[in-house]
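Please look through the structure below slowly, with the sequence beside it. The report that follows starts with confidence, moves to the place where the chains touch, and ends with strand pairing.

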Amino acid sequence: MSPETTESSQQITEVEVDILEYAERGEEIPHAKAYRVRIDGETVKVETPCPTGEMLLSKVDKRPCAFELIEEFRHHKNDVVEPGEEVNLRKPGLKGFITAQKEIVTIFINGNPYRIERGERTVAEILSKVGQTPEGYLLLEEKNGPPLPLPSNLPVKISGCEIFHSQVQSGGSS
Amino acid sequence: MEYSKDQLEELKSYCSKLSAFTEGSVTFLYLEGLRLPEGCQQQVCCGLLCPVPRDGYPSRLYFSEQIVSPFARNWNVSNARIAERNWFAFSWRVELVAPTLVQILVAHLAGFTREK
């Protein structure tokens, strides 16, 4: 990428740098207006040298309620990045990032976050997070549309980031 | 009976088209493309919500067809003729104090998801 001179500071600033190329050459990453970063092999453009973990995940349409972000360095060293943690993209040896699906994910019930194990869970297990039971409450899931009640006899697949609501039981066969 | 704009807007999210009509003295809400809960054999159908007492129930939800759901229901209304169309309903009593239209709808849809 061609360098550009900033008149005020007279510093040489790269327009866009590829951090993997610099890591492979073992060179220091210069200041730049944007950084090309690999996440799960996909190249994304980041316009700050210090993005947060959550911001980087969002570049590949993933969220911290379901995925974690892992820094990959030269010499096979890996570090987990927390969602609110700032990453220095100019850190020596940083090659890029990979994501991994979390085992303990976050779901949202009535607007509040709760941690739960990924996989198939029962309606009762999910309602228990808010101190409710299927005898007294309906569990509704908001999935590609408005909240709809979930069958109490079927497992609920949890991958992370699901949005649930509870509503008091108010109907019965007669 | 008049329903607030907010309640009607909220109800709209459950179907592809919402309209209202009055037959006799009752205002029905017609929900075209009504989304059904997970586990039902059909994902959508047409629904007719009667939010006021009818047939001895505090409210009723009619369907354009009998729905196969995780729990068998007592379909005690078959081919009821409303607005020149046949409708089906299962026996389900919803008792809520001052419910919104969506709360009534969801409580009826929950009939597909609960044993009793």
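What pLDDT does chain A average, and what share of the residues score at least 70? Chain A averages a pLDDT of 91, and 93% of the residues score at least 70, where pLDDT is the predictor's confidence in each residue, from 0 to 100. Over residues 1–10 of chain A, however, the pLDDT is below 50, although this stretch has 19 contacts in the model beyond near neighbours in sequence, a contact being heavy atoms within 4.5 Å. Chain B averages a pLDDT of 93, with 99% of the residues at 70 or above, and for the complex the predictor gives an ipTM of 0.88 and a pTM of 0.85.

This is a predicted model, in which local features need pLDDT of at least 70 and side-chain atom pairs count only at pLDDT 80 or more, while totals for chains, interfaces and linings use all residues. Residues are numbered from 1 along each chain as its sequence is written, chains are lettered from A and ligands numbered from 1 in the order in which they are written, and side-chain values use heavy atoms, with hydrogens and water left out.

**Where the chains touch**

The size of an interface is often given as the accessible area lost when the parts come together. Here the area buried between chain B and chain A is about 1900 Å², and carbon and sulfur atoms give 54% of this area; buried area is the accessible area (1.4 Å probe) that two parts lose on being put together, summed over both. B:Arg35, B:Glu38 and B:Arg114 supply 28% of the area that chain B buries against chain A, more than any other three residues. In the contact, 26 residues come from chain B and 23 residues from chain A.

B:Glu38 also meets A:Lys143 in a salt bridge between their side chains, at 3.0 Å from N to O. The rule finds 1 salt bridge across this interface, counting a side-chain nitrogen of Lys or Arg within 4 Å of a carboxyl oxygen of Asp or Glu.

Strand β15 (residues 171–172) of chain A and β7(B) run antiparallel and are joined by 2 bridges, with A:Gly172 opposite B:Arg93. Strands (E, at least two residues) are DSSP runs, as are helices (H or I, at least four residues), and both are numbered from the N terminus; two strands pair if DSSP finds at least two bridges between them.

**Strand pairing within chain A**

The table lists strand pairs of chain A, each with one pair of residues that stand opposite each other.

| Strands | Sense | Bridges | Opposite residues |
|---|---|---|---|
| β11(A) and β14(A) | antiparallel | 5 bridges | A:Leu139 and A:Ser166 |
| β11(A) and β12(A) | antiparallel | 3 bridges | A:Glu141 and A:Leu148 |
| β8(A) and β9(A) | antiparallel | 6 bridges | A:Thr106 and A:Arg115 |
| β8(A) and β14(A) | parallel | 2 bridges | A:Phe108 and A:Ile163 |

β14(A) therefore appears with two partners, since it pairs with β11(A) and also with β8(A), while β11(A) takes up β12(A) as well. In a regular strand the side chains alternate between the two faces of the sheet.Two of these pairs are hairpins: β11(A) and β12(A) have 4 residues between them, and A:Asn144 in the turn has a positive phi of about 55°, whereas β8(A) and β9(A) have 2 residues between the strands, with A:Asn110 at a positive phi near 50°.
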